[in-house]
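Colleague: I am new to reading structures, and I would like a close look at a single part of this one. Could you take me through the place where protein and DNA come together, and then show me what lies around it?

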Number of protein chains: 2
Amino acid sequence: MESALDKTDLKIIELLRNNARYSFADLGRKISLSPSAVRERVQRLEDEGIIRKYKTLFDREKLGYGLEAIVMLKLFSGKLQAFMTAVDQFPEIMECYRVTGPQNIHMKVVLKDQRHLQNFIDRLIIYGDTTTHLILSDLVENEHIEKPLSG
Amino acid sequence: MESALDKTDLKIIELLRNNARYSFADLGRKISLSPSAVRERVQRLEDEGIIRKYKTLFDREKLGYGLEAIVMLKLFSGKLQAFMTAVDQFPEIMECYRVTGPQNIHMKVVLKDQRHLQNFIDRLIIYGDTTTHLILSDLVENEHIEKPLSG
DNA sequence: TTTGAAATCCATGAACA
DNA sequence: TGTTCATGGATTTCAAA
């Protein structure tokens, strides 16, 4: 376990990074390896925890969640544990990090509208003081979708 | 185009969200629909841009990128355009948002070590003033991996 | 670690309700 | 939109190298 990654592993990682739906046969064609061998390697990457998850990204606006925001939280003394266990109860929280600095929690949240944001902030207030920055645009994840299984 | 999502679409979305590698047959079994019908719906969701991308998430520490940080940038006047076109040149930037507030850019970056962080900050300084918060832990995306194609 | 063979399962597209 | 069905591929398992 925890063996080093060779070049073949890195090639598989790069391919799967931007299209989690490549088949083992697809990957094998691209890196000149049999489907069985690819499967063996992908399973090893999963078992060692190097591959964490296969996620689908959606257009949140089209799903009715038109508002995204970065919310920073300065936790009240002694509230960290309570907040950590409560995080899962907030479906709005897409990402949540404990960070260095006075605002010790940073999260990315997705909301339907401003009313929803207000409600969300109200539910956070028992844990700490919030600072909110609305997201105006996404400067990185703008790649067009790649069709699965297509060359 | 742009037709409303029904309950079946939402079920497919929920399933794909946390396992992008489900086959059409898998999805069909879970929601009692034929593989062809599932395929039809997934393709529609892709064509309408509701499904944006299938991504694989990796354990960055195990890939040799042990340092993650939130970096906020207060752009110098007139530097927005230059920064927007330069963003793609920074492989360290995993996410990057233009936000409201005095720090008008928020990004999540991934780095090998502190030396790398210093180098990264140095390369940003021509665009604006940076504020850096090291990520200590991830409070949300800690789900265990789901094996592809397994019930 | 990889290949290749065999059995099983899936994707795809056409015909049709 | 949906099902069924034919067929060409893909997955899976395992023996062998």
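Modeller: Let's start with R39(B): an N or O atom in its side chain is 2.8 Å from a phosphate oxygen of DNA strand C. Please keep in mind that this is a predicted model, and that the distances here are computed from it. R29(B) also reaches a phosphate oxygen of DNA strand C, with an N or O atom of its side chain at 2.4 Å. A25(B) uses its backbone instead: a backbone N or O atom lies 3.1 Å from a phosphate oxygen of that strand. Which elements give two or more residues to the surface near DNA strand C? They are α3 of chain A, together with α2 (24–31) and α3 of chain B, so both protein chains take part, as the elements just named belong to chains A and B.

Now widen the view a little. Twelve residues are found around DNA strand C, and the nearest are S34(A), R41(A), R29(B), S36(B) and R39(B). By kind, the residues of this surface are five nonpolar, four polar and three charged. Look at the DNA side too: of the atoms of DNA strand C within 4 Å of the protein, 78% are part of sugar or phosphate, and the rest are part of bases.

Next, turn to the other strand. DNA strand D has 13 residues around it, with S23(A), A25(A), R29(A), S34(B) and R41(B) the closest. In chain A, the side chain of R39(A) places an N or O atom 3.0 Å from a phosphate oxygen of DNA strand D. In chain B, a polar side-chain atom of S34(B) lies 2.4 Å from a phosphate oxygen of this strand. S36(B) offers a contact with a base: a polar atom of its side chain is 3.2 Å from a base oxygen of DNA strand D. Two or more residues of the surface here come from each of α2 (24–31) and α3 (35–47) of chain A and α3 (35–47) of chain B. The largest share, four residues, is given by α3(B).

How is the surface near DNA strand D made up by kind of residue? Five of its residues are nonpolar, four are polar and four are charged. Sugar and phosphate hold 82% of the atoms of DNA strand D that lie within 4 Å of the protein, and bases hold the rest.

It helps to see what holds one of these helices in its place. In α2(B), the buried residues are D26(B), L27(B), G28(B) and I31(B). They pack against α1 (7–18) and α3 of chain B. After α2(B) comes S32(B), which has a positive phi, near 55 degrees.

A database record adds a name for this part of chain A. In an unreviewed entry, UniProt lists residues 5–66 of chain A as "domain: HTH asnC-type". In the model, that span is 53% helix and 13% strand, and its end C-alpha atoms lie 40 Å apart.

Now for the two protein chains themselves. Chain A and chain B each bring 60 residues to their contact. About 6400 Å² of area is buried between them, and carbon and sulfur atoms give 57% of it. R21(A), R52(A) and K53(A) supply 13% of the area that chain A buries against chain B, more than any other three residues.

Finally, let's visit two places away from the DNA-facing elements, beginning with H116(A) in helix α5 (residues 114–124) of chain A. Is H116(A) buried or exposed? Its relative accessible area is 14%, so H116(A) is buried. The side chains of H116(A) and E92(A) are joined by a polar contact of 2.9 Å. Setting aside neighbours within four places in sequence, H116(A) is in contact with residues including Y65(A), V110(A) and R123(A). In chain B, H116(B) lies in helix α5 (residues 114–124) and is buried as well, because its relative accessibility is 13%.

The other place is V71(A), in strand β2 (residues 67–75) of chain A. V71(A) has a relative accessible area of 0%, so it is buried. Among its contacts beyond four places in sequence are I105(A), M107(A), F120(A) and L124(A). I135(A) is 64 residues from V71(A) in sequence, yet their C-alpha atoms are 10 Å apart in space.

Terms used
Residues are numbered from 1 along each chain as its sequence is written. Chains are lettered from A and ligands numbered from 1 in the order in which they are written. This is a predicted model: local features need pLDDT of at least 70, side-chain atom pairs count only at pLDDT 80 or more; totals for chains, interfaces and linings use all residues. Side-chain values use heavy atoms; hydrogens and water are left out. UniProt positions are given in the numbering used here, feature names are shortened, and annotations may be inferred rather than shown by experiment. A residue is near a molecule or strand if one of its heavy atoms lies within 4 Å of it. A polar contact is a pair of N or O atoms within 3.5 Å; within protein, one must be able to donate a hydrogen and the other to accept it, and residues adjacent in sequence count only if both atoms are side-chain atoms. Ala, Val, Leu, Ile, Met, Phe, Trp, Tyr, Cys and Pro count as nonpolar, Asp, Glu, Lys and Arg as charged, and the others, Gly among them, as polar. Buried means under 20% relative accessible area, exposed over 50%, partly exposed in between (1.4 Å probe, protein chains only). Contact means heavy atoms within 4.5 Å. Buried area is the accessible area (1.4 Å probe) that two parts lose on being put together, summed over both.
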